[in-house]
Amino acid sequence: MVRHFKRGYVVIKERSSFKYFSKSDGSFNDLMSKSIAFHDLKQSTFIFPRVKDSNPEERYIEYETLTNIVNIREVYIRFMKGDLSECEAKKIFSDVGKALADMHKLLKLKNKDLILKNEKFSSLLKGKEISFGKNCAFLHTDYGFSNIFINLDQKICIIDPYANNYTSSNIVNAWGPVEIDIATFLMCLEGLIPFKYLLYLSGKKIDILKKAFLAGYYSIVGYEQDREHLKKATMLFLDVYLYHRYKSRVLVMAIKVYIFVIKKVKFSS
Ligand SMILES: Nc1ncnc2c1ncn2[C@@H]1O[C@H](COP(=O)(O)OP(=O)(O)O)[C@@H](O)[C@H]1O
Ligand SMILES: [Mg+2]
């Protein structure tokens, strides 16, 4: 049995399932309906684990275990290292974009909690010149490397659609501009991988993946986002994430310089 202590809930891995114990009273029902809505979406671009069991008194939701899955961060690292072809990588990251677009198009929840009004999220935007577009949807709110996988059938698998706690908190039925989920993934593509792999980063390869991801997304929704706004949001989230993770402005600056300098060198070589 493996325990993960996380923001709103505790995750316990059992033999054939994952149990999420909700720590707060209020969110249990919302987590439950969001999970069911996710699993029931009539689409073919991704898989979300089925809810096997739940118990409102004990406040747990038990999900089936997705088997034979590889985390998308690992796929990213393989591509950076040259162990995965450009063609395969483009297909996979385009599918990650398509899955997100399908989610935004199809996910419907009963209540809308406006993410722009979320205390944490709105405090991030204070004093920043970031404006989001008009395209809104129910959001995943943590569409990053850790929550996206690919299985043996090359299908995208998604888990954990709850507030990531560094850009927003205590929000389940998050409704807001789609750029929030898009920029969260773009932030990961900038190079959120363990230090030991940073030397493999290549600006050229990162651009290939960004383009593939966005092209996949746009192919489903049929419109494009403003590039500058996306870039600003991506950089803001990167700062916020790194600070949340490393708790030191100096370290954050050092990591950013390292990531961007390496990519630049690789780009020109
Ligand atoms: N239904 C599931 N099937 C397979 N693996 C899962 C499932 N739920 C969680 N996991 C695994 O447990 C890890 C932690 O789960 P997650 O809900 O993302 O918590 P956290 O974001 O706090 O790490 C995931 O990265 C994944 O490896
Ligand atoms: Mg997670």
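Two strands count as paired here if DSSP finds at least two bridges between them. Keep that in mind as we walk through this predicted model, starting with a sheet.

Four strands make up this open sheet, lined up in the order E4-E11-E10-E7, and the pairing among them is mixed. At the edges sit E4 (46-47) and E7 (69-71), each of which pairs on one side only. Let's look at the E4 end. There, E4 runs parallel to E11 (residues 156-158), and two bridges hold the pairing. If you want a spot to click on, try Phe-46, which stands opposite Ile-156 in E11.

Now for what leans on the sheet. Helix H2 (residues 72-81) packs on it, touching E7 and E10 (148-151). The direction of H2 makes about 65° with that of E7. Helix H3 packs on the sheet too, and its contacts are with E4, E10 and E11. Measure direction against E11 this time, and H3 comes out at about 45°.

H3 is worth following further, as it also meets another helix. A pair of packed helices is described by two things, the angle between the axes and the distance between them. For H3 (residues 86-106) and H6 (residues 203-221), the axes come within 7 Å and cross at roughly 40°. Angles under 35 degrees would count as roughly parallel, and 65 to 115 as roughly perpendicular, so H3 and H6 are oblique to each other. Their crossing is right-handed. As for what lines this contact, the residues divide into 14 nonpolar, four polar and six charged.

Away from that sheet, have a look at strand E12 (residues 174-177), which has pairings of its own. E8 (residues 113-114) runs parallel to E12, joined by two bridges. In that pairing, Leu-114 has Trp-175 as its bridge partner. E9 (residues 136-138) also pairs with E12, but here the strands run antiparallel, with three bridges between them. Ala-137 of E9 is the residue that stands opposite Gly-176 in E12.

Finally, step back to the whole chain. Its secondary structure comes to eight helices and twelve strands. How compact is the protein chain for its length? The radius of gyration is 18 Å, close to the 18 Å that the globule rule gives for 269 residues, so the chain is as compact as a globular protein of that length. Along its principal axes, the C-alpha trace spans about 60 × 45 × 40 Å.

Conventions: Residues numbered from 1 in each chain as written. Chains lettered and ligands numbered in written order. Predicted model: local features only at pLDDT ≥ 70, side-chain atom pairs only at ≥ 80, totals over all residues. Axes fitted to C-alpha atoms, helices over the stretch in contact; angles between N-to-C directions. Parallel < 35°, antiparallel > 145°, perpendicular 65-115°, else oblique. Left-handed = near helix turned anticlockwise from the far one by under 90°. Nonpolar A, V, L, I, M, F, W, Y, C, P; charged D, E, K, R; others polar. Contact = placed C-beta atoms within 7 Å. Rg over C-alpha atoms; globule rule 2.2 N^0.38 Å.
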